[in-house]
Amino acid sequence: MASASATLLKSSPIIDKSEWIKGQNLRQPSACVIRCHPTLVALTVRASSYADELVKTAKTIASPGRGILAMDESNATCGKRLDSIGLENTEANRQAYRTLLVSAPSLGEYISGAILFEETLYQSTVDGKKMVDVLVEQNIVPGIKVDKGLVPLPGSNNESWCQGLDGLSSRTAAYYQQGARFAKWRTVVSIPNGPSALAVKEAAWGLARYAAISQDSGLVPIVEPEILLDGEHGIDRTFEVAQKVWAEVFFYLAENNVLFEGILLKPSMVTPGAECKEKASPQQVADYTLKLLHRRIPPAVPGIMFLSGGQSEVEATLNLNAMNQSPNPWHVSFSYARALQNTCLKTWGGRPENVKAAQDALLVRAKANSLAQLGKYTGEGESEEAKKGMFVKGYVY
């Protein structure tokens, strides 16, 4: 059995970076059958034929001093961002903003992966170059949001579930051909609404099915069980709920034969609810979050890419830095959207003459979080804008 497991990680050639864009003929999953005598019980062990490639991709994203730029906002959410600076939600404006992000000079020094919305994966820059090509030239792995959003969960306490499993296999295969090498699926758990056992199980099962399907198509799945900041609860309640959620998630990942070495986890940090009167220091957040990681996350998982969840840009960076003051079994890093883009977006304001200044603002945040991943961030010289909280109650991505 041990030798059979070992061969699963040697069953697929590792592709060169240049092949990310070309697209490969899709390979079928391999299966090995192990028969146990004398009972003749057949055990089928399945693993994606992309196993080696998945491990390599995950390690590339989880490389020292780098993290993920989450720019996969739906067109509706992107429209809200554009509206905040007085721009209409048109494809041309979305294209202009996304071009600004992916073409920031030397972004790949601090960013190892970029999560894209489907429109962006197939989109070109304002200069006519494919967005995916621009990312790869910067040594940034292209990723893709594959879930179809949150809808009400019948039988629950006003909770939600994440849809998108129908047709996921064919979609992930197409995304791979287009150049994506990892995927993201966001589901959420609400503490004020319970959470109910039904909602936690639904979230965990959906993440596990998505992860298995993504690996079968050659995409490293980012597993994102977001515990919303909404609520007045303290940090101990967050810790209690997160323990339950993460236990369920990894139980069902194992049940679905997901290769742990070929996934990335994108969890919430353990913080008090946004409306809690007792705030936590970066050291408290780090202590609670690392304790939870050690209790629940296997060392085989190569990277923990935290979401910011409405924290201010500076707060998210300080908390990440506190978690990297001593060695961890995993690459502890970031997968931020608003906490990387907020100042950048406001600096741009939709004006072509502000593109360079906006890109500089993005690089300031990317470098700050790169330093935080290395445990070397000091917080000196941060702007007042970067210190403003971005929590939105009932936030929809």
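Here are some friendly notes on this predicted model, point by point.

1. Overall make-up. The chain has 397 residues, and 57% of them count as buried. Its secondary structure consists of 14 helices and 12 strands. Contacts between residues 24 or more positions apart make up 79% of those with a separation of 6 or more. The accessible surface is about 16,500 Å², and carbon and sulfur atoms contribute 53% of it.

2. The loop after S11. Two neighbours here deserve your attention, Leu-307 and Ser-308. Leu-307 sits in the loop between S11 and H12, and Ser-308 is in the loop that joins strand S11 (303–306) to helix H12 (313–323). Are they buried or exposed? Leu-307 has a relative accessibility of 6% and therefore counts as buried, the cut-off being under 20%. Ser-308, at 7%, counts as buried by that cut-off too.

3. What these two residues touch. Leaving aside residues up to four places away in sequence, Leu-307 is in contact with Glu-224, Glu-226, Lys-266, Pro-267, Ser-268, Met-269, Ser-335 and Tyr-336. One of these partners, Pro-267, lies 40 residues from Leu-307 along the chain, with 6.1 Å between the two C-alpha atoms. With the same sequence neighbours left out, Ser-308 touches Ala-316, Tyr-336, Ala-337 and Ala-339. Tyr-336 is thus a contact of Leu-307 and of Ser-308.

4. A cavity beside this loop. The model contains 3 cavities of 30 Å³ or more. The second largest has a volume of about 50 Å³. Which residues line the second largest cavity? Leu-307 and Ser-308 are in the lining, together with Ile-227, Leu-229, Ser-268, Met-269, Thr-271, Gly-309 and Gln-311. Sorted by class, the lining has 4 nonpolar and 5 polar residues, and no charged ones. Ser-268 and Met-269 appear in this lining and are also contacts of Leu-307.

5. Helix H13. Why can H13 be called largely enclosed by the rest of the structure? Because 9 of its 11 residues, in the span 338–348, are buried. The buried set is Arg-338, Ala-339, Leu-340, Gln-341, Asn-342, Thr-343, Cys-344, Leu-345 and Trp-348. Ala-339 also ties back to point 2, since Ser-308 touches Ala-339. After H13 comes Gly-349, with a positive phi near 60 degrees.

6. Helix H3 and a long-range salt bridge. H3 has 8 buried residues out of 11, so this helix too is largely enclosed by the rest of the structure. Those buried are Ala-51, Asp-52, Glu-53, Leu-54, Val-55, Thr-57, Ala-58 and Ile-61. Glu-53 forms a salt bridge with Arg-181, at 3.5 Å from N to O. This pair links distant parts of the chain, 128 residues apart: Glu-53 belongs to helix H3 (residues 51–61), and Arg-181 to the loop between helix H8 (168–178) and strand S8 (182–189). Both Glu-53 and Arg-181 are buried.

7. Other salt bridges. The whole structure has 13 of them. Glu-73 and Arg-81 pair at 2.7 Å, N to O, and both of these residues are buried. Asp-360 and Lys-356 pair at 3.0 Å, N to O. The latter two lie 4 residues apart, about one turn, in helix H14 (residues 355–373). Here the surroundings are more open to the outside for Lys-356, which is exposed at 58%, while Asp-360 is partly exposed at 34%. Elsewhere, shared partners join Asp-72, Lys-184 and Glu-224 into one network of salt bridges. Glu-224 is also a contact of Leu-307.

8. Backbone details to look at. Most residues other than glycine have a negative phi, and most peptide bonds are trans. Where does the model depart from this? The bond from Gly-194 to Pro-195 is cis, with omega near -15 degrees, and Pro-195 is in the loop between S8 and helix H9 (197–216). Asn-139, not a glycine, has a positive phi of about 65 degrees. Asn-139 is in the loop between helix H7 (131–137) and strand S5 (141–145) and is partly exposed, at 31%. Asn-257 likewise has a positive phi, of about 55 degrees. Asn-257 lies between helix H10 (235–255) and strand S10 (264–265), in the loop, and is partly exposed at 47%.

Terms used: Residues are numbered from 1 along each chain as its sequence is written. This is a predicted model: local features need pLDDT of at least 70, side-chain atom pairs count only at pLDDT 80 or more; totals for chains, interfaces and linings use all residues. Side-chain values use heavy atoms; hydrogens and water are left out. Buried means under 20% relative accessible area, exposed over 50%, partly exposed in between (1.4 Å probe, protein chains only). Contact means heavy atoms within 4.5 Å. Accessible areas come from the Shrake-Rupley method with a 1.4 Å probe; for residues, only the protein chains shown count as cover. On a 1 Å grid over the protein atoms alone, a cavity is a set of points where a 1.4 Å probe fits but cannot get out, and a pocket is an open set with protein on both sides within 12 Å along at least five of seven lines; lining residues have an atom within 4 Å of a point. Grid points are joined across faces, edges and corners, and a volume is the space filled by probe spheres set on the points. Ala, Val, Leu, Ile, Met, Phe, Trp, Tyr, Cys and Pro count as nonpolar, Asp, Glu, Lys and Arg as charged, and the others, Gly among them, as polar. A salt bridge is a side-chain nitrogen of Lys or Arg within 4 Å of a carboxyl oxygen of Asp or Glu.
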